[in-house]
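Here's a quick walk through a model you might want to have open while you read. We'll start with a pair of strands, then move to the helices, the ligand shell and a few single residues.

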Amino acid sequence: MITPYYDHAGITIYHGDCRDILPHVTADVVVTDPPYNAGLDYGAGTNDKREWGEYVTWLANIIDGCEAVVTGPVFVFLSVNGLLSLSAYKRPRHVCVWDKPMCFSPRLGGSPFLPHWEPCAVYGRVCGEGGRVPGYHLPDVWHHNTATRNGHPCPKPDSLLLQLLGAVPGDVLDPFMGSGTTLVAAKQLGRKAIGIEIEERYCEIAVKRLAQEVLDFRPAEQQPIQSSLI
Ligand SMILES: C[S@@+](CC[C@H](N)C(=O)[O-])C[C@H]1O[C@@H](n2cnc3c(N)ncnc32)[C@H](O)[C@@H]1O
């Protein structure tokens, strides 16, 4: 039995290495954003500059671990280099694209190309293959600008996770939770979610974000009438 760092209203956070925690959790869908092996400094718990073979072996084992504990799909955001390296080792069922038009990230490794998109590899059971996740439909290109920094070096935009989780039903798991964007989106959609993060300071950021008010994205005519206006 592992003690959660945070557990409230269907949202649970575990502070630790996801390799240790994954065998103790279950969910329906994984949406995750592992370290990109791009030399980012997340903290002492993460080496983000490994030899590519070592990186893909590590990541493929964790994706296997996710597939073993979820009933549905496993969405994994990657760099283009990460996708190319990982695909040769563990071929995805599909690849979606996060198009980020206003991204000004630097060119990586002497590349002539400015990165304006990120792949999201899909593993696990996709729609229509049984399991507990019923059918869903979503486009495979997602247009969202990058998020502003929130104390984490590379948070995903809330709107991206809201689109993805809004389309794919079920309880959610993010084994590389970072500042908790997946959990914040799950909370806004009224879904159960589990996040795992190795750095405690990002767990703290996630807890603060989860404590904030849930925004109501329903059209005005579907929102409850404020009693002061009646
Ligand atoms: C790309 S970031 C995720 C950012 C997140 N999507 C967000 O919106 O804030 C990857 C995260 O994985 C964490 N991490 C690295 N190795 C880990 C491991 N073995 N287990 C759990 N978390 C890990 C890093 O500390 C980092 O915060």
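## Strands in the middle of things

Strand β3 has cover on both of its faces: Val29 and Val31 are buried on one side, and Val30 and Thr32 are buried on the other. Keep in mind that this is a predicted model. The side chains in a regular strand alternate between the two faces of the sheet.

Which strands does β3 pair with? One is β4, which runs parallel to β3 (residues 29–32) and is joined to it over 3 bridges. Another is β8, also in the parallel sense, this time over 2 bridges.

The β4 strand (residues 73–77) is mostly covered too, with 5 of its 5 residues buried. Pro73, Phe75 and Phe77 sit on one side of β4, Val74 and Val76 on the other, and all of them are buried.

If you'd like to see which residues face each other across these pairings, here are some of the bridge partners:

| Residue | Bridge partner | Strand of the partner |
|---|---|---|
| Val31 | Phe75 | β4 |
| Thr32 | Val76 | β4 |
| Val30 | Leu173 | β8 |

## Two helices, each with a buried face

Helix α4 (residues 158–167) is a good one to look at next. Its buried residues are Leu160, Leu161, Leu164 and Leu165. Looking down the axis of α4, you'd find these buried residues within an arc of 115°, so they line one face of the helix. An α-helix has 3.6 residues a turn, so residues three or four places apart point the same way. And what covers those leucines in α4? The cover includes β3, β4, β5 (94–99), β7 (141–143), β8 (172–174) and α5. That ties α4 back to the strands above, since β3 and β4 are part of its cover.

Helix α6 tells a similar story. Does its length fit its residue count, and why? The 12 residues of α6 (residues 200–211) should span 16 Å at 1.5 Å a residue, and the C-alpha atoms at its ends are 17 Å apart, which agrees. The buried residues in α6 are Tyr202, Cys203, Ala206 and Leu210. Seen down the helix axis, the buried residues of α6 fall within an arc of 105°, so they too line one face. The cover over them includes β2 (11–15), α5 (181–188) and β9. On the face of α6 turned away from that buried side you'll find the exposed residues Glu200, Arg201 and Ala211.

Lys208 is in α6 as well. Is Lys208 buried or partly exposed? It has 13 other C-beta atoms within 10 Å, so it counts as partly exposed. Its C-alpha atom is 9.4 Å from that of Ser179, although the two residues are 29 apart along the chain.

## Around the ligand

Ser179 also turns up in the ligand shell. How many residues surround the ligand? There are 23, and the closest are Asp33, Phe176, Gly178, Ser179 and Thr181. The elements giving two or more residues to this shell are α1 (18–21) and β9 (193–197). Sorted by class, the shell has 11 nonpolar, 6 polar and 6 charged residues.

## A couple of residues to click on

Ala9 is worth a look for its backbone: its phi is near 50°, a positive value in a residue other than glycine. You'll find Ala9 in the loop between β1 (6–8) and β2. With 9 C-beta neighbours inside 10 Å, Ala9 counts as exposed.

Asp64, in helix α2 (residues 52–69), is another one to pick out. It has 13 C-beta neighbours inside 10 Å, so Asp64 counts as partly exposed. Asp64 and Tyr123 are 59 residues apart in sequence, yet their C-alpha atoms are 9.1 Å apart in space.

## The whole chain

Stepping back, the protein chain has 6 helices and 9 strands. Of its 230 residues, 34% are buried. Among the contacts in the chain with a separation of 6 or more, 68% come from residues 24 or more positions apart.

How values were computed:
Residues are numbered from 1 along each chain as its sequence is written. This is a predicted model: local features need pLDDT of at least 70, side-chain atom pairs count only at pLDDT 80 or more; totals for chains, interfaces and linings use all residues. A residue is near a molecule or strand if its C-beta atom, placed from the backbone, lies within 6 Å of it. Helices (H or I, at least four residues) and strands (E, at least two) are DSSP runs, numbered from the N terminus. Ala, Val, Leu, Ile, Met, Phe, Trp, Tyr, Cys and Pro count as nonpolar, Asp, Glu, Lys and Arg as charged, and the others, Gly among them, as polar. A residue is buried if 20 or more other C-beta atoms lie within 10 Å of its own, exposed if 12 or fewer, and partly exposed in between; C-beta atoms are placed from the backbone. Two residues are in contact if their C-beta atoms, placed from the backbone, lie within 7 Å. The expected span of a helix is 1.5 Å times one less than its number of residues. The arc is that of the directions from the helix axis to the C-beta atoms. Two strands pair if DSSP finds at least two bridges between them.
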